[in-house]
Amino acid sequence: MAEERKNVPRHVAIILDGNGRWAKKRMLPRNAGHVAGSKNVEKVCKAAWEMGIEYVTMYAFSTENWSRPKSEVDALMKLLHQYLSDCLKTSRKNNMQVRVIGDISRLEPALQERIRELEEYSAQNTGLHFQVALNYGSRDEMIRGIRKIAQDVKDGQIAPERIDEALISRYLDTSGIPDPDLMIRTSGEQRLSNYLLWQMAYTEFYFTDVLWPDFGKDELLRAVEYYQKRDRRFGGVKG
């Protein structure tokens, strides 16, 4: 059960960055960094739940990642297969509810089936809500959502004057998930990289030079303490 703590962010979004640099520093192939990064996911999720965080969303593979060298993409897809298999056991062990956001239609059928199996298997779990962004890009997500809204307007299911922020949110991949309170990006980069642009309108940003495979419980606690020092107000942030 999550530990109750004052002013803990309910939802933390993370951009996992620095796997390649972690491997390079150790004179290892890039894929070794991705493997190390994938092994770190469960540790951070467990630490988040212990701190009282209810939702964690991690950026695992973006729509732009397809432009990487084919050998690296192929290795990442193979790693995803293995990770999603392991995640079945992890979700049971840690009582996690797992959900994948993004356009999974471009992924190979076996991977799509593994995702559906994992989501169905973990749907009734009552612990951490863990979202994995796969083949995700925020602009792509909004385009897909707008197309669905347009079709429903055309079909007479929605009147144009009913379109507001709440309705648009319901058509996004994150429907039913609260917006992130805190976004963490590792490895020193300070960009959003097309990640949850709609959802992070009022999110606090925390950037750290620590590479993702080295980002542990202590680093997560530092990010949460940064968040706790912020003076948040309705309609925005003061301070």
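Which residues does glutamine 199 touch, not counting residues up to four places away in sequence? Keep that in mind as you open the structure, which is a predicted model. We will come back to it at the third stop.

**Stop 1: strand 5**

Select residues 182-185, which form strand 5. Turn the view so that you can see one face and then the other: Leu182 and Ile184 lie on one side, while Met183 and Arg185 lie on the other. Both faces are covered, and these four residues are all buried.

**Stop 2: the neighbouring strands**

Now add residues 11-15, which make up strand 1. Strand 1 pairs with strand 5 in the parallel sense, over 4 bridges. To see where they meet, show valine 12, which stands opposite leucine 182 of strand 5.

Next, add residues 204-207, or strand 6. Strand 6 also runs parallel to strand 5, and 4 bridges join the two. Here, pick out isoleucine 184 and look across to its bridge partner in strand 6, tyrosine 206.

**Stop 3: glutamine 199**

Follow the loop between strand 5 and strand 6 and select glutamine 199, which has its place there. Is glutamine 199 buried or exposed? With a relative accessible area of 4%, glutamine 199 is buried.

Here is the answer to the opening question: glutamine 199 touches Tyr136, Ser138, Glu141, Leu172, Thr174, Asp179 and Pro180. Show the side chain of glutamate 141 as well, and you will find a polar contact of 3.1 Å joining it to the side chain of glutamine 199.

**Stop 4: two cysteines**

Select cysteine 45 and cysteine 87. How many disulfides does the structure have? The count comes to 0. Cysteine 45 is in no disulfide, and the nearest cysteine sulfur, that of cysteine 87, is 7.9 Å away. Cysteine 87 is likewise in no disulfide, with the sulfur of cysteine 45 as its nearest. A pair of sulfur atoms has to be within 2.5 Å to count as a disulfide.

Now look at their surroundings. Cysteine 45 is buried, with a relative accessible area of 2%, and cysteine 87 also counts as buried, at 1%.

**Stop 5: the largest pocket**

Finish with the largest pocket, which holds about 640 Å³ of space. Select Leu16, Asn19, Tyr59, Ala60 and Asn65, which lie nearest its centre among the 29 lining residues. Then colour the elements that give two or more residues to the lining:

- helix 1 (19-25), helix 2 (30-51) and helix 3 (70-94)
- strand 2 (55-62) and strand 4 (129-136)

Technical notes:
Residues numbered from 1 in each chain as written. Predicted model: local features only at pLDDT ≥ 70, side-chain atom pairs only at ≥ 80, totals over all residues. Heavy atoms only, no water. Buried < 20%, exposed > 50% of the residue type's maximum accessible area, 1.4 Å probe, protein only. Pairing = 2+ DSSP bridges. Polar contact = N/O pair within 3.5 Å; in protein donor to acceptor, adjacent residues only side chain to side chain. Contact = heavy atoms within 4.5 Å. 1 Å grid on protein atoms, 1.4 Å probe; cavity = no way out; pocket = protein on both sides within 12 Å on 5 of 7 lines; lining within 4 Å. Points joined across faces, edges and corners; volume = space filled by probe spheres on them.
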